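Open the model in your viewer and keep the selection tool at hand. The stops below go from the ligand to the domains, then to the cores and one helix.

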Amino acid sequence: MAEKWQNWSRSLQFAPERIVKPTSTVEIQELVREVGANGGTIRVVGQGHSSSPLVATDDTLVSLEEMSGVESADRDRCEAWVRPGTTLEVMGEELLEEDLAVHNLGDVNVQQLGGAIGTGTHGTGRELGNLSTMLLGVRMITADGNLVERHIEDDPDFIRAARVALGTLGIFTCLRISAQPAYKLHRQEWCTGVEDCLEHLHELIESNRNFDFYWYPRSDEVKLRTLNPPGETPEIPYADLLEESVEWAPRIIAKTRELRFDEMEYCMPIGAGPAAFRKVRRRLLDRHRREVAWRTLYRTTAPDDAMLSTSYRRETSVLSIHHNNELPFEEFFTDIEPILCDHHGRPHWGKKHNLRAAELAERYPEWDRFQEIRRRLDPKGLFMTDYLRELLGD
Ligand SMILES: Cc1cc2nc3c(=O)[nH]c(=O)nc-3n(C[C@H](O)[C@H](O)[C@H](O)COP(=O)(O)OP(=O)(O)OC[C@H]3O[C@@H](n4cnc5c(N)ncnc54)[C@H](O)[C@@H]3O)c2cc1C
């Protein structure tokens, strides 16, 4: 009997034929072979925090939540093997026990490692790459049921494809990631006016390890958030300090989100960010202020070389439009989206957007290379759905 499934924001609901929670690699292999032999399809799901229909299926949904925890850590090499069902929060605590920490996190730490890497989840920081950049090696089950192991040192193209793969290359069973010696950060949150923030934006991005700001359309004010090594915190004389604390990085970068929201996010060349933000702000104030109850987030990320990374070979400004999940989002997001596209934006794979293969292919120089690797690994489309065929252009 079909079970109902919904994502975190509740904007996606579907009924997979079955939801399977394997506890071992062998179980996954058996499942993949059985579904393949019966002509079925599989989608693997993480924590269900994506709001684009990446995991939607009426066939088999596989969750690796039972395959959690750090399998091994190497302090000298600053690396670890982590099971994909491990949430970023659990991974942070288990790595701390080994005196290790990852270089960054996004806004929350509830995602599973496999899911976060699956869509190129990122935090903020001009010199900090997204979480997929941590991936050094994978063990995964491919569509033929085989267990393969690949490393950046011996098959860089495979890893550059696997770093943002949307669950279309196979099912990760263990991930080798880079880390660094455990470190603390000083977090500060400030309030100021939009123009003060934009006037100093370049300096704020340059002088803080992690910097982002939230703009609130109703008040037209911004909240600045900075994270720096303790003792290296720049002054911000034009802003009021609201709160601050010092903690181990994995405990302080991410926040807890109670209020559920839907989100559209585009990643643009870093220089396009301020102009895009100004246009989005104008459009919001002119047309949507009365209905829009929430905020816009501005971040930056470092370039990387994952084939489908939204930061592929460019320093990036990221604009995320948050909208209370109890309000309709389609009309609002559809009105804002062309502004972000016009600024050479690439949509976050796990958030709301309306782009399909034709528009996406031209935004990713190694698009064809990724599709080639995907088709080689999964020639019959075991990990595909109608949505993914539209998205990736099969
Ligand atoms: C409150 C909230 C805050 C967020 N903050 C940020 C943020 O700060 N920065 C940001 O970039 N994004 C953010 N996101 C988006 C979120 O990080 C991504 O959508 C992420 O992919 C969700 O991870 P998940 O574990 O829920 O995976 P899911 O959404 O369930 O899956 C994501 C993808 O990973 C694949 N996948 C999962 N497990 C495996 C596996 N074992 N093997 C192969 N593929 C797998 C799935 O097939 C799917 O394609 C946020 C989302 C929410 C709801």
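Which residues come nearest to the ligand? Select Gly46, Gly115, Gly118, Gly167 and Gly350: of the 32 residues around the ligand, these come nearest. Bear in mind throughout that this is a predicted model.

Next, colour the elements that give two or more residues to the shell around the ligand: strand E4 (42–45), helix H3 (113–118) and strand E11. H3 supplies the largest share of that shell, four residues.

**The two domains**

Now colour residues 70–182 as domain 1 and 184–353 as domain 2. Their centres, taken over C-alpha atoms, are separated by 24 Å. The contact takes 28 residues from domain 1 and 30 residues from domain 2. On the side of domain 1 that touches domain 2, select helix H2 (88–96) and helix H4 (156–162), each of which supplies at least two residues.

**The cores**

Select Leu95, Leu135 and Leu175 next. These have the most contacts inside the largest nonpolar core, which has 66 residues. Strand E11 (residues 171–178), already selected for the ligand shell, gives the most to this core, with five residues. Where does the core lie relative to the two domains? Domain 1 and domain 2 both give residues to it, so the core lies between them.

Centre the view on Leu135. Leaving out residues up to four places away in sequence, Leu135 touches Ile117, Ile159, Ala162, Arg163, Leu175 and Ile177. Then move to a second, separate core of 28 residues; Leu204, Ile205, Met264 and Leu319 are among its members.

**Helix H9**

Last, select residues 330–342, helix H9. Its 13 residues reach 19 Å from the first C-alpha to the last, close to the 18 Å expected at 1.5 Å a residue. Where does H9 bend? The bend, about 30°, is at Ile336, and a proline, Pro338, follows within four residues.

Show the side chains of Phe332, Ile336 and Leu340, which are buried. An α-helix has 3.6 residues a turn, so residues three or four places apart point the same way. To see what covers the buried residues of H9, add strand E17 (261–269), helix H8 (273–288) and strand E19 (316–324), which are included in that cover.

Finish at His344, just after H9, where phi is positive, at about 60°.

Notes: Residues are numbered from 1 along each chain as its sequence is written. This is a predicted model: local features need pLDDT of at least 70, side-chain atom pairs count only at pLDDT 80 or more; totals for chains, interfaces and linings use all residues. The expected span of a helix is 1.5 Å times one less than its number of residues. The bend at a residue is the angle between axes fitted to the seven residues ending there and the seven starting there. A residue is buried if 20 or more other C-beta atoms lie within 10 Å of its own, exposed if 12 or fewer, and partly exposed in between; C-beta atoms are placed from the backbone. Two residues are in contact if their C-beta atoms, placed from the backbone, lie within 7 Å. A nonpolar core is a set of buried Ala, Val, Leu, Ile, Met, Phe, Trp, Tyr and Cys residues joined through C-beta atoms within 7 Å. Domain bounds come from an automatic or database domain assignment. A residue is near a molecule or strand if its C-beta atom, placed from the backbone, lies within 6 Å of it.
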